Amino acid sequence: MSNDTQQETTFEVRPTSHPRTREQRAAALIELGFGTVFSDHMAHATWTTDQGWHDRRIEAYGPLSLDPAAAVLHYAQEIFEGLKAYRHEDGTVWAFRPEANAARFAQSARRLALPELSEADFLDSIRQLVRTDMEWVPNAPGSSLYLRPYMFASEAFLGVRAARRVEYLVIASPSGPYFTSGFTPVSIWVAEEYHRAGPGGTGAAKCGGNYAASLLPQQQAYEHGCQQVCFLDAATNTYLEELGGMNMFIVTADGAVHTPALTGTILEGVTRQSILQLVTDAGHDVHERAITLEEVKAGVASGEITEIFACGTAAVITPIGVLKGTGFDLTVGDGAAGTVTNELYGLLTDLQYGRHDDTYGWMTRLV
Ligand SMILES: *Cc1c(COP(=O)(O)O)cnc(C)c1O
């Protein structure tokens with residue numbers, strides 16, 4: 001059917017010999033958490049300096065066989081993405097701005113000296129995987145099939161240089177809402193002792209190493225009774241950057257919306273980008289600028305700052321009810337989700353689940 005060129009760029013479906021039964025799948029889709037259940041297949045391609053990207057396939061989900069010397073295990077040459085497949089009322093399945101994830105994946109690859117994957121390959125891997133495992137896309141409210149594309153150095157070599165063999169995979173996890181408590185405000189711990197990224201580092205790339213650096217401060221947040229940690233800039237310890245895996249916004253009493261400007265140490269979220277577009281079009285004044293912790297503390301205390309929220313694909317929007325740090329413990333507004341936060345959550349999820357016209361052309365049909 002397809003000519004050679006097409007075959008070269010298509011993920012060939014090699015169905016698993018042991019798919020789970022309808023009953024097993026139904027049981028796995030009850031009471032979904034986040035990232036604990038995985039579908040029957042995964043996308044996989046391999047890159048070598050000699051052959052480039054090859055062996056694109058959809059294969060049985062299962063353990064990888066990895067040489068103990070694989071470079072990723074030693075030097076963390078790894079990047080990832082996160083996006084969701086949403087089931088609409090009519091049964092069709094859609095992704096939200098997947099080209100933006102493809103573009104960011106290529107940028108992250110460049111920073112980590114990994115080979116770039118084309119947008120066509122990125123989109124095809126997702127489309128073929130979701131088509132193969134479409135029964136794994138849940139339809140309970142707020143649920144989705146979370147897609148995790150990632151790439152890592154698989155070459156068995158302990159010398160320090162960019163690997164000459166690399167794997168690309170996509171795994172899929174049927175998921176419920178990210179935070180078990182649902183759309184309820186969380187408490188944030190402001191880390192002043194540790195940073196997730198520094199100038200010239202990898203903060204703007206989506207790489208596992210950034211997350212490794214965020215885990216200890218995240219533990220400290222828990223110890224202080226907070227669910228998430230907010231990082232400040234490493235250079236001056238003055239400016240708000242973002243949470244370990246989400247961007248941040250503040251809303252002031254005049255209705256203006258503010259978010260830290262991208263400085264090279266902040267990860268540019270697709271959700272952040274989309275919110276900036278939505279609030280601009282809704283007529284809010286929008287400010288991408290440097291925001292100091294002192295200003296936020298004073299603004300929350302005086303009531304000048306009425307809402308703070310975090311955003312990212314996994315949780316969409318998370319209201320922040322409490323801001324805590326060494327020597328302060330502040331409740332934002334009345335501690336509940338504010339008007340702008342609620343509005344944006346509604347707008348984004350209505351688009352994603354097809355309850356609102358896709359006026360921006362942000363949705364891509366997968367099945
Ligand atoms: C993925 C990520 C985000 C959110 O990005 P989205 O594209 O909106 O999901 C924010 N910060 C960090 C550090 C991230 O890794």
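Helices (H or I, at least four residues) and strands (E, at least two) are DSSP runs, numbered from the N terminus. The model is predicted: local features need pLDDT of at least 70, side-chain atom pairs count only at pLDDT 80 or more, and totals for chains, interfaces and linings use all residues. Residues are numbered from 1 along each chain as its sequence is written, and side-chain values use heavy atoms, with hydrogens and water left out.

**Exercise 1. Follow helix α6 from span to exit.**

Step 1. Take the span. α6 covers residues 208-223, 16 in number. From first C-alpha to last it reaches 23 Å, close to the expected 22 Å. The expected span is 1.5 Å times one less than the number of residues.

Step 2. Look for a bend, the angle between axes fitted to the seven residues ending at a residue and the seven starting there. α6 has a kink of about 35 degrees at Leu215, shortly before Pro217.

Step 3. Find the buried residues (under 20% relative accessible area; exposed is over 50%, partly exposed in between; 1.4 Å probe, protein chains only). Among them are Asn210, Ser214 and Pro217.

Step 4. Find their partners. The buried residues of α6 pack against β9 (186-191) and β10 (228-232). Contact means heavy atoms within 4.5 Å.

Step 5. Leave the helix. Just after α6, Gly225 has a positive phi of about 80 degrees.

**Exercise 2. Count the disulfides.**

Step 1. Apply the rule: a pair of cysteine sulfur atoms within 2.5 Å. The count is zero.

Step 2. Check Cys207. The nearest cysteine sulfur, that of Cys230, is 19 Å away. Cys207 is buried, at 3% relative accessible area.

Step 3. Check Cys311. Its nearest cysteine sulfur belongs to Cys230, 13 Å away. Cys311 is buried, at 1%.
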